[in-house]
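Trainee: Before we start, could you take me through this structure by setting each value against the definition behind the word we use for it?

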Amino acid sequence: MTFNQKSIDELHDLLVKKEISAVELTKATLEDIKAREAAVDSFITVTEEEALAQAAAVDARGIDADNVMSGIPLAVKDNISTKGILTTAASKMLYNYEPIFDATSVEKLYGSDMIIVGKTNMDEFAMGGSSENSHFKTTKNAWDATKVPGGSSGGSATAVASGQVRLSLGSDTGGSIRQPAAFNGVVGLKPTYGRVSRFGLIAFGSSLDQIGPFSQTVKENAQLLNVISGNDPKDSTSSQVAVPDFTSKIGQDVKGLKIALPKEYIGEGIDPQIKETILAAAKHFESLGATVEEVSLPHSKYGVAVYYIIASSEASSNLQRFDGIRYGYRAEDIQNLEDVYVKSRSEGFGDEVKRRIMLGTFSLSSGYYDAYFKKAGQVRTLIMQDFAKVFENYDLILGPTAPTVAYDLGTQSHDPVAMYLADLLTIPVNLAGLPGISIPAGFADGLPVGLQLIGNHFDEETIYQVAAAFEATTDYHKQKPVIFGGENNEL
């Protein structure tokens with residue numbers, strides 16, 4: 001039996017009424033994974049034994065009627081630490097790494113009686129936009145197996161889009177939740193920087209990384225964010241801002257809200273069909289009573305350049321710990337200590353990771369620090385100021401999530417610059433530490449188009465309010481790929 005068409009609220013109702021048990025729901029989820037996994041390759045590890053044991057423990061304690069997530073299965077990106085469960089970050093370097101601790105976000109999932117059914121595939125160390133940089137496998141788009149699923153959280157997005165799980169966790173450093181959500185027609189949110197603890201997330205760019213939720217619907221996304229948010233003394237960048245109920249504004253109309261549409265987000269480099277879809281969404285919001293006006297984010301055009309200096313510099317520092325000595329991959333045929341470092345890192349890291357380590361090390365080197373890293377930090381401040389200026393007069397910013405729909409597998413993996421430019425619309429949000437969501441907004445060439453809504457710091461509630469209003473008055477989120485029982489028509 002399958003339950004993957006039912007919402008979290010419906011599943012919670014069935015669990016509370018004892019019409020199904022957590023074990024039955026987990027078994028059904030594991031069956032859905034088995035039935036679809038060969039088509040999409042979402043998972044690196046499926047934790048059948050552990051998941052069934054967790055579910056049995058939840059059933060023994062009894063489903064908590066006041067906790068909508070009690071007994072609900074989900075998948076977790078493989079760069080989020082899970083005690084005793086293989087956590088590879090999709091790298092040969094960590095091919096055998098089983099952490100001795102849980103990430104704070106994972107502790108919170110367990111604390112809400114949620115059940116982890118597996119760890120999802122990704123770009124190695126979250127570096128990439130297509131999930132083709134994994135050491136283990138290449139994940140495929142849920143709508144078309146010849147297309148990329150987006151990245152780096154490609155496995156988390158396709159696991160939800162293909163009907164393997166209702167919910168998953170990903171991480172977003174420059175668009176790694178929102179872009180795969182757009183490519184697969186699901187909901188994905190990058191929270192405000194500091195909203196969710198980064199403790200236990202294998203670090204890529206420490207000033208940019210955030211863990212966030214994937215889901216089928218906006219409300220389910222907010223429900224999962226409720227679980228994982230909050231201050232954490234183990235993470236010095238974790239915010240002390242109070243955590244609201246993120247579902248509190250869902251169902252409220254958008255009359256009187258002011259939405260900004262940056263001209264840079266519908267300008268050069270944006271596919272004409274995507275532009276058309278986003279302008280149609282803007283008109284739709286106007287029909288719901290919101291005001292949509294064009295604004296400018298003049299420094300956003302420097303976002304990609306700034307990001308690849310800052311993120312790569314932070315990565316070169318963060319990845320020093322993978323040295324072949326304490327854990328993970330260690331090269332054989334070594335004569336001395338230098339061999340351990342050089343050979344283990346040369347063999348253990350993939351090409352894209354090496355490229356970014358080299359770029360970052362160069363940017364931080366003594367002769368170039370001022371010209372690159374320092375300058376990038378200054379331009380980052382200008383990007384933040386652009387957003388702050390817009391939020392003085394507007395409640396939300398609207399635009400596309402990605403400049404194109406999902407492209408063919410293999411077409412950009414050998415062209416890093418083309419791959420980097422695909423993050424043009426998502427990167428500024430990370431640089432400014434803002435929250436942003438991608439929701440389904442239409443189709444182009446039979447593939448999903450994502451609408452990005454960007455909020456002010458710690459204003460995820462307004463994002464969810466507006467996203468839910470769009471979802472409630474359109475049916476794009478109801479369209480499913482063939483693998484999930486849909487028809488894949490051009491819509």
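**Reasoning from values to words**

Mentor: Bearing in mind that this is a predicted model, let us begin with Ser 152, which, leaving out residues up to four places away in sequence, touches Lys 77, Asn 121, Met 122, Asp 123, Ala 126, Met 127, Gly 128, Ser 131, Ser 171 and Ser 176.

Trainee: What makes Lys 77 count as being in contact with Ser 152?

Mentor: The word contact requires heavy atoms within 4.5 Å, and Lys 77 is listed among the residues that Ser 152 touches. The list for Lys 77, which leaves aside neighbours within four places in sequence, also includes Ser 152, together with others such as Lys 119, Leu 169 and Ser 176.

Trainee: Why is Ser 152 called buried?

Mentor: Buried means under 20% relative accessible area, and Ser 152 has a relative accessible area of 0%, so the word applies to Ser 152. As for its place, Ser 152 lies in the loop between β3 (115-120) and α5 (154-161).

Trainee: How do you know that the peptide bond between Gly 151 and Ser 152 is cis?

Mentor: The value to look at is omega, which is about 5° for the bond that joins Gly 151 and Ser 152, and this bond is listed as a cis peptide bond.

Trainee: Which residues does the "active site" annotation cover?

Mentor: According to UniProt, in an unreviewed entry, the "active site" annotation covers Lys 77, Ser 152 and Ser 176. These residues are spread over 100 residues of sequence, yet they cluster in space, with a largest C-alpha distance of 11.1 Å. From this set, Ser 176 is taken in by the lining of the second largest cavity.

Trainee: What does the UniProt record list as "domain: Amidase"?

Mentor: The unreviewed entry lists residues 24-463 under that name. In the model, the end C-alpha atoms of this span lie 34 Å apart, and the span is 37% helix and 14% strand.

Trainee: Where does Lys 77 sit, and is it buried or exposed?

Mentor: Lys 77 belongs to strand β2 (residues 73-77). With a relative accessible area of 0%, Lys 77 falls below the cut-off and is therefore buried.

Trainee: Why is β2 described as largely enclosed?

Mentor: The description rests on the count, because 5 of the 5 residues of β2 are buried, and the strand is thus largely enclosed by the rest of the structure. In a regular strand the side chains alternate between the two faces of the sheet. In β2, Pro 73, Ala 75 and Lys 77 are on one side, Leu 74 and Val 76 are on the other, and since all of them are buried, both faces are covered.

Trainee: What makes β2 and β3 a pair?

Mentor: Two strands pair if there are at least two bridges between them, and β2 and β3 are joined in the parallel sense over 5 bridges, which meets that requirement. Within this pairing, Val 76 stands opposite Lys 119 in β3. The chain passes from β2 through helix α4 (residues 104-111) to β3, in a β-α-β crossover that is right-handed.

Trainee: How many bridges join β2 to β4?

Mentor: There are 2 bridges between β2 and strand β4 (residues 167-172), which run parallel, and this meets the minimum of at least two. Ala 75 has Ser 168 as its bridge partner in β4.

Trainee: Why does Asn 67 count as buried?

Mentor: Asn 67 has a relative accessible area of 16%, and because this value is under the 20% cut-off, Asn 67 counts as buried. Asn 67 is placed in the loop between α3 (48-61) and β2.

Trainee: How do you know that the span of α15 is close to what is expected?

Mentor: Helix α15 (residues 460-472) has 13 residues and reaches 18 Å from its first C-alpha to its last, which is close to the 18 Å expected at 1.5 Å a residue. Since 12 of the 13 residues of α15 are buried, this helix is largely enclosed by the rest of the structure.

Trainee: What is noted about the phi of Ala 89?

Mentor: Ala 89 has a positive phi of about 50° although it is not a glycine. Ala 89 is found in the loop between β2 and α4, and at 0% relative accessibility it counts as buried.

Terms used: Residues numbered from 1 in each chain as written. Predicted model: local features only at pLDDT ≥ 70, side-chain atom pairs only at ≥ 80, totals over all residues. Heavy atoms only, no water. UniProt positions renumbered as here; feature names shortened; annotations may be inferred. 1 Å grid on protein atoms, 1.4 Å probe; cavity = no way out; pocket = protein on both sides within 12 Å on 5 of 7 lines; lining within 4 Å. Helix = DSSP H or I, 4+ residues; strand = E, 2+ residues; numbered from the N terminus. Buried < 20%, exposed > 50% of the residue type's maximum accessible area, 1.4 Å probe, protein only. Right-handed = clockwise from strand over helix to strand, strands pointing away. Expected span 1.5 Å × (residues − 1).
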